[in-house]
Amino acid sequence: MAPISSTAHSISPVAKAAALVVAAGRGLRAGGELPKQYQHIAGMSVLERAIRALREAPNLASAIVVIHPEDREHYEAIAARICETADGFLLPPAVGGPTRQASVRAGLEALAKAPPEIVLIHDAARPFLSKTLVERAIEAARVHGAAVPGVPVNDTIRQLSTGRAYGETLPRDSLRAIQTPQAFTFAKIRDAHARAAAAGLETFTDDGGLAEWAGIEVHVFEGEAENTKLSLPADFARADQQLRSQTETRTGLGYDVHAFGEGDFVMLGGIKIAHTQGIIAHSDGDVLLHALTDALLGALGDGDIGMHFPPSDPRWRDAASRLFFEEAVARARKRGGRILHLDATVICEAPRIGIHRDAIRASIAAIAGIGEGRVSVKATTSERLGFTGRGEGIAAQAIATLELPFAEHG
Ligand code: MG
């Protein structure tokens, strides 16, 4: 067979690259009821994490996942979630074969309907690859035609069965642990797979090895230590713990207004403040707690106060607004969140807020379960302009800053 030409000159600098994710295995060593690629770590399946990580890479045009026929339902649920935000990236899945090699081949044949220039073959059990690694793989395939990521080996590796009980130390400098994604000129690896299958060879466990068998020179580029493979229950437990320790900071905004009416007090931050008027509201009309509740819900991406406590619901008639705020705080806690800071401004001509500021701060801090140093309450008039300036009502703005476990969403 004539060698296929695939030098760097024949591939454009922005070659169209696709990922082929191998997810057809049964993954029995990982334990659990589901194949390992569908098991969750920190609230998201391994496969979904792998696809989302690939999608982060700007030069990767599409991805095809090779699935086991029995896993179609599990896969469709993941695909539906991902396609909500990434139309066109995820191609219809291919159905795998009895071996990893057969599954890769099925994926390559499916991709061949609209062949990319470069294909990155990746194991679903490696969900922690970075977009930098993907970019490096694409570039390595563009330059070398066939390239696999390798990481230096830190342990001393002894080769046993050398006739001596303790075997021999292999020279560490020349050892590399080989990972995926392995990157190839599409036509070249498709041809190599077809030839291996025609030769009756079905047991290659990695595509670099198959390519080498087919006479293709395989380049090794720099892999990533973080790009570990999840195989055993302990790998899953470690990954879960690590992800849960990662956090992100989010902010949310809240705003609320109520009109003054008959009465002799207003509620602000859960504190009763004497005034010449009262508040017209379904609940106790605490604008400050309403704004803070919306700010927390905003940071969580969890709707708004009207959604959780509809004014049409008689349960909330004359309700203490601290119930609403407590619920928002509870929702943040449930998500593993930590309230870092709450800042609010009350806007009115009267009553005067300044003398009540410390009591309001203490009240909000107590309900939120955080230190007073993490609560700020400010007040302003609106210079007699607008509805607050005319003394028709009272308004409040708030911002909540939350720390959330990174894995709870995304
Ligand atoms: Mg309100």
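**Exercise 1. The metal site**

Which residues coordinate the magnesium ion, and at what distances? Then give the donor spacing in sequence and classify D256 and H258 by accessibility.

*Solution.* This is a predicted model.

Step 1. List the donors. The magnesium ion is coordinated by D256 through OD, listed twice, by H258 through NE2 and by H290 through ND1. The distances run from 2.3 to 2.7 Å.

Step 2. Write the spacing. The donor residues follow the pattern D-x1-H-x31-H.

Step 3. Apply the burial cut-off, under 20% relative accessible area. D256 has 16% relative accessibility, so D256 counts as buried. H258 has 15%, so H258 counts as buried too.

**Exercise 2. A nonpolar patch**

Find which residues make the nonpolar surface patch and state its area. Place Y255 in the secondary structure and classify its accessibility.

*Solution.* Step 1. Y255, V257 and F387 make the patch. Its area is about 240 Å².

Step 2. Y255 belongs to strand 13, which covers residues 247-261.

Step 3. Y255 has 45% relative accessibility and therefore counts as partly exposed.

**Exercise 3. Confidence**

State the mean pLDDT of the chain. Then locate a stretch where pLDDT stays under 50 and decide how to read it.

*Solution.* Step 1. The mean pLDDT is 92. In the chain, 95% of the residues reach 70 or more.

Step 2. Over residues 1-9, pLDDT stays under 50. For this stretch the model has twelve contacts beyond four places in sequence.

Step 3. Where pLDDT is low, predicted coordinates should not be read in detail. Treat the contacts of residues 1-9 accordingly.

**Exercise 4. Backbone exceptions**

Identify the cis peptide bonds at P181 and P351 by their omega values. Then examine phi at D318 and R384.

*Solution.* Step 1. Recall the background. Most peptide bonds are trans, and most residues other than glycine have a negative phi.

Step 2. Take the peptide bonds. From T180 to P181 the bond is cis, with omega near 10°. P181 sits in the loop between strand 10 (176-178) and strand 11 (182-185). A350 and P351 are also joined by a cis bond, with omega about 5°. P351 falls in the loop between strand 17 (338-347) and helix 11 (357-368).

Step 3. Take phi. D318 is not a glycine, yet its phi is positive, about 60°. D318 lies in the loop between helix 9 (305-308) and helix 10 (322-334). R384 is not a glycine either, and its phi is positive at about 65°. R384 lies in the loop between strand 18 (375-380) and helix 12 (386-389).

Step 4. Check exposure; the cut-off is over 50%. D318 has 60% relative accessibility, so D318 counts as exposed. R384 has 63%, so R384 counts as exposed.

**Exercise 5. Salt bridges**

How many salt bridges are counted? Analyse the pairs R81 with E48, D240 with R244, and E403 with R338. Finish with the network that includes R100.

*Solution.* Step 1. The count comes to 21 salt bridges.

Step 2. Take R81 and E48. Their closest N and O atoms are 2.7 Å apart. R81 is in helix 2 (residues 72-83) and E48 in helix 1 (residues 46-55), so the pair ties together parts 33 residues apart in sequence. R81 is partly exposed at 38% relative accessibility, whereas E48 is buried at 2%.

Step 3. Take D240 and R244. Their side chains meet at 3.1 Å, N to O. The two residues are four apart in helix 7 (residues 233-244), which means that about one helical turn separates them. D240 is partly exposed at 22%, and R244 is partly exposed at 43%.

Step 4. Take E403 and R338. The closest N and O atoms are 3.3 Å apart. This pair links distant parts of the chain: E403 in strand 19 (residues 393-405) and R338 in strand 17, 65 residues apart. E403 is partly exposed at 22%. R338 is partly exposed at 42%.

Step 5. Complete the network. Salt bridges link R100, D123, D207 and K229.

Notes. Residues numbered from 1 in each chain as written. Predicted model: local features only at pLDDT ≥ 70, side-chain atom pairs only at ≥ 80, totals over all residues. Heavy atoms only, no water. Patch = residues over 30% accessible without salt bridge, like charges linked within 9 Å, V, L, I, M, F, W, Y side chains within 5 Å. Areas by Shrake-Rupley, 256 points an atom, 1.4 Å probe, with all protein chains shown as cover. Salt bridge = Lys/Arg side-chain N within 4 Å of Asp/Glu carboxyl O. Buried < 20%, exposed > 50% of the residue type's maximum accessible area, 1.4 Å probe, protein only. Donors = N, O, S within 2.8 Å, 3.2 Å for Na, K, Ca; no water. pLDDT = per-residue confidence, 0-100. Contact = heavy atoms within 4.5 Å.
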